[in-house]
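Please look over the fold below. The report starts with contacts along the chain, then moves to the core, the helix pairs and a few single residues.

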Amino acid sequence: MMFISALLPRIRSFASVRLPLLYSATPRRTYRGDAPEDTEKDMIEIPLPPWEERLNEPINVKRARLVYESRKRGMLENGLLLSLFAKEHLSTMSETQLSLYDRMINEPSNDWDIYYWATGAKTPPDVFKNEVLDLLKEFTKNRNMEQRLRQPDLEYLLEKS
């Protein structure tokens, strides 16, 4: 124990000289976040094509596409949330509701926006305030305390045909 306590000041001295980024008295911000003083100059804007509603798409094709797009989000949280939501609700949605859902999951360029709207952490823009988002918000509350640890298997699609 004596050896360690004698060695510790030397390690600290070495670390403060040789490793200033790892050993710093002032805390460093490592997550950019959305702090008020953040100028977002480090953000790269990647232009995305504007969302366009697919007119004249058969309803069964639209449902199948939305099932796929609900599962393949690029973000685990939304993949889980939206795939389970799709399993429960897509088969009973009207054509208008399907179009609203399509717009809600495909128009925003940031998946975190969808997640924050669904969880109520952020207020959605007026264009997305509709019955489908209300359904998603209610689903997100998980009032039945279901385990939502993985996406549903796709066999449920075959059962209803």
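Two residues are in contact when heavy atoms lie within 4.5 Å. Take the contacts between residues at least 6 apart in sequence: 62% of them join residues at least 24 apart. All of this refers to a predicted model.

**Overall make-up**

The chain has seven helices and zero strands. From the N terminus on, the order of elements is α-α-α-α-α-α-α. The chain holds 161 residues, and 29% of them count as buried. About 12,100 Å² is exposed, with carbon and sulfur atoms supplying 56% of that area.

**The nonpolar core**

In soluble globular proteins, nonpolar side chains tend to be buried together. Here the largest nonpolar core has 22 residues. L90, M93, Y101, M104 and L136 have the most contacts inside this core. Five helices each supply at least two of its residues: α2 (59-71), α3 (76-89), α4 (95-106), α5 (111-119) and α6 (131-140). The largest share, five residues, comes from α3.

Which residues does Y101 contact, leaving aside neighbours within four places in sequence? They are L66, S70, L82, F85, A86, L90, M93 and V132. Two of these partners, L90 and M93, are also among the core residues with the most contacts.

I105 is in helix α4. Its relative accessibility is 1%, so I105 counts as buried. Not counting residues up to four places away in sequence, I105 touches L66, E69, S70, R73, L82 and I114. One of these partners, L66, is 39 residues from I105 in sequence, yet the two C-alpha atoms are 8.8 Å apart. L66 is also in contact with Y101.

**Two helix pairs**

Two packed helices are described by the angle between their axes and the distance between the axes. Helix α6 packs against α5 and also makes a contact with α4.

Start with α5 and α6. They pack at an angle of about 75 degrees, with their axes 7 Å apart. The two helices are therefore roughly perpendicular to each other. W117, A118 and T119 make the contact from α5, and L133, L136, K137 and T140 make it from α6. By type, the residues of this contact are four nonpolar, two polar and one charged.

Now α4 and α6. Their axes come within 8 Å and cross at roughly 70 degrees. That makes α4 roughly perpendicular to α6. On the α4 side, the contact uses Q97, L100, Y101 and M104. On the α6 side, it uses E131, V132, L133 and L136. This contact divides into six nonpolar residues, one polar and one charged.

L133 and L136 take part in the contact with α5. L133 and L136 also take part in the contact with α4.

E131 is found in helix α6. At 43% relative accessibility, E131 counts as partly exposed. Not counting residues up to four places away in sequence, E131 touches Q97 and L100. The C-alpha atoms of E131 and Q97 are separated by 7.8 Å, with their positions 34 residues apart along the chain.

**Loop residues**

Most residues other than glycine have a negative phi. What is the sign of phi at N142, which is not a glycine? Phi of N142 is positive, about 50 degrees. M145 has a positive phi too, near 55 degrees. N142 lies in the loop between α6 and α7 (155-159). M145 is placed in the loop between α6 and α7.

Is N142 buried or exposed? At 16% relative accessibility, N142 counts as buried. M145, in contrast, is exposed, with a relative accessible area of 71%.

E52 lies in another loop, between α1 (2-18) and α2. E52 counts as exposed, at 61% relative accessibility. The C-alpha atoms of E52 and N106 are separated by 9.1 Å, although the two residues are 54 apart along the chain.

**Accessibility at a glance**

| Residue | Relative accessibility | State |
|---|---|---|
| I105 | 1% | buried |
| N142 | 16% | buried |
| E131 | 43% | partly exposed |
| E52 | 61% | exposed |
| M145 | 71% | exposed |

Notes:
Residues are numbered from 1 along each chain as its sequence is written. This is a predicted model: local features need pLDDT of at least 70, side-chain atom pairs count only at pLDDT 80 or more; totals for chains, interfaces and linings use all residues. Side-chain values use heavy atoms; hydrogens and water are left out. A nonpolar core is a set of buried Ala, Val, Leu, Ile, Met, Phe, Trp, Tyr and Cys residues joined through side-chain atoms within 4.5 Å. Buried means under 20% relative accessible area, exposed over 50%, partly exposed in between (1.4 Å probe, protein chains only). Helices (H or I, at least four residues) and strands (E, at least two) are DSSP runs, numbered from the N terminus. Axes are lines fitted to C-alpha atoms, for helices over the stretch in contact, and angles run from 0 to 180 degrees between N-to-C directions. Angles under 35 degrees count as roughly parallel, over 145 as roughly antiparallel, 65 to 115 as roughly perpendicular and the rest as oblique. Ala, Val, Leu, Ile, Met, Phe, Trp, Tyr, Cys and Pro count as nonpolar, Asp, Glu, Lys and Arg as charged, and the others, Gly among them, as polar. Accessible areas come from the Shrake-Rupley method with a 1.4 Å probe; for residues, only the protein chains shown count as cover.
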